[in-house]
Amino acid sequence: QEAAAETAGRLAVAAAAQETQKEAERAEEARRRVMLKQAALREVESEVAAVAEKLSADIAQQAPRVDQLKAALAQQHQRQADAAAAREAESAAEVDRTQRALQEIFGQLE
C-alpha cells in the first residue's frame, strides 16, 4: 500500500509538472502573440507618422496658393461691393434727376 501511495504521489507530481509545462507553453504563446501585435502596431504607427508628415508637407506647400486664392477672392468681393455701391449711387442720382425733373415740370404747370 505504501508503494501504491508513493506511485500515486509520483504520478500526481508528474501530472502537476506536465500541467505546469502546458501553462508555461500557453504563457509563452500568449507572450509571442503580444510581441507580434506590438510589432504590427509599431509598423502601423510608423506608417501613420509617415502619412502625417507627408500631409503636413503637402499642406505647407499649398499654403502660398491658398493665400493667393484668398487674396483673389477678397479682391473679387471688394470689386463686387464697389460695383454694387456704384450702381446704388447711380440709381440714387437717377432718382434725384427724375425728382428734379418732375419738380421742374410741376413748377411750370403752376
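This is a stop-by-stop tour of one chain, with a selection to make at each stop.

**Stop 1: the whole chain**

Show the chain as a cartoon. Keep in mind that the model is predicted. The chain holds 1 helix and 0 strands. Helix H1 covers residues 2–109, and the chain has 110 residues.

Now turn the view along the principal axes. The C-alpha atoms fill a box of roughly 150 × 35 × 5 Å. The radius of gyration is 45 Å. A compact globule of 110 residues would come out near 13 Å.

**Stop 2: the surface**

Switch on the surface. How much of the chain is buried? Buried residues make up 0% of the 110 residues. The exposed area is about 9800 Å². Carbon and sulfur atoms supply 59% of that area.

Next, colour by charge. The chain carries 15 positive and 20 negative charges. The mean positions of the two sets are 6 Å apart.

**Stop 3: Glu6 and Arg10**

Go to the salt bridges. The structure holds 8 of them. In general, side chains of opposite charge can pair when their charged atoms come close.

Select Glu6 and Arg10 and show their side chains. The two form a salt bridge, with the closest N and O atoms 2.3 Å apart. Both residues lie in helix H1. They are 4 residues apart, about one turn of the helix.

Is each partner exposed or partly exposed? Glu6 has 45% relative accessibility, so it counts as partly exposed. Arg10 has a relative accessible area of 51%, so it is exposed. The cut-off for exposed is over 50%.

**Stop 4: Lys54 and Asp58**

Move along to Lys54 and Asp58. Here is another salt bridge, with the closest N and O atoms 3.1 Å apart. Why are these two separated by about one helical turn? Because they are 4 residues apart in helix H1. Asp58 is partly exposed, with a relative accessible area of 29%.

**Stop 5: Gln76 and Lys70**

Keep Asp58 selected and add Gln76. Gln76 sits in helix H1. Draw a distance between the two C-alpha atoms. They are separated by 27 Å, and the residues are 18 apart along the chain. Gln76 has a relative accessible area of 35%, so it is partly exposed.

Now select Lys70, another residue in helix H1. Lys70 has a relative accessible area of 56%, so it is exposed. Add Val13 and draw a second distance. Lys70 and Val13 are 57 residues apart in sequence. Their C-alpha atoms are 81 Å apart in space.

**Stop 6: Glu90 and Arg97, then a network**

Select Glu90 and Arg97. Their side chains meet in a salt bridge, 2.9 Å from N to O. Glu90 is partly exposed, with a relative accessible area of 44%. Arg97 is partly exposed too, with a relative accessible area of 37%.

Then select Glu29, Arg32 and Arg33. Salt bridges that share partners join these three into one network.

**Stop 7: a nonpolar patch**

Finish with Leu102, Ile105, Phe106 and Leu109. Show these side chains with the surface on. Together they make a nonpolar surface patch of about 430 Å².

Zoom in on Phe106, which is found in helix H1. Is Phe106 buried or exposed? Its relative accessibility is 52%, so Phe106 counts as exposed.

**Last look**

Zoom out to the full chain again. The view is of 1 helix and 0 strands, with 0% of the residues buried. Along helix H1, the salt bridges to keep displayed include Glu6 with Arg10 and Asp58 with Lys54. Leave the patch of Leu102, Ile105, Phe106 and Leu109 coloured as well.

Technical notes: Residues numbered from 1 in each chain as written. Predicted model: local features only at pLDDT ≥ 70, side-chain atom pairs only at ≥ 80, totals over all residues. Heavy atoms only, no water. Rg over C-alpha atoms; globule rule 2.2 N^0.38 Å. Buried < 20%, exposed > 50% of the residue type's maximum accessible area, 1.4 Å probe, protein only. Areas by Shrake-Rupley, 256 points an atom, 1.4 Å probe, with all protein chains shown as cover. Lys, Arg positive; Asp, Glu negative; His and termini not counted. Charge placed at Lys NZ, Arg CZ, Asp CG, Glu CD. Patch = residues over 30% accessible without salt bridge, like charges linked within 9 Å, V, L, I, M, F, W, Y side chains within 5 Å. Salt bridge = Lys/Arg side-chain N within 4 Å of Asp/Glu carboxyl O.
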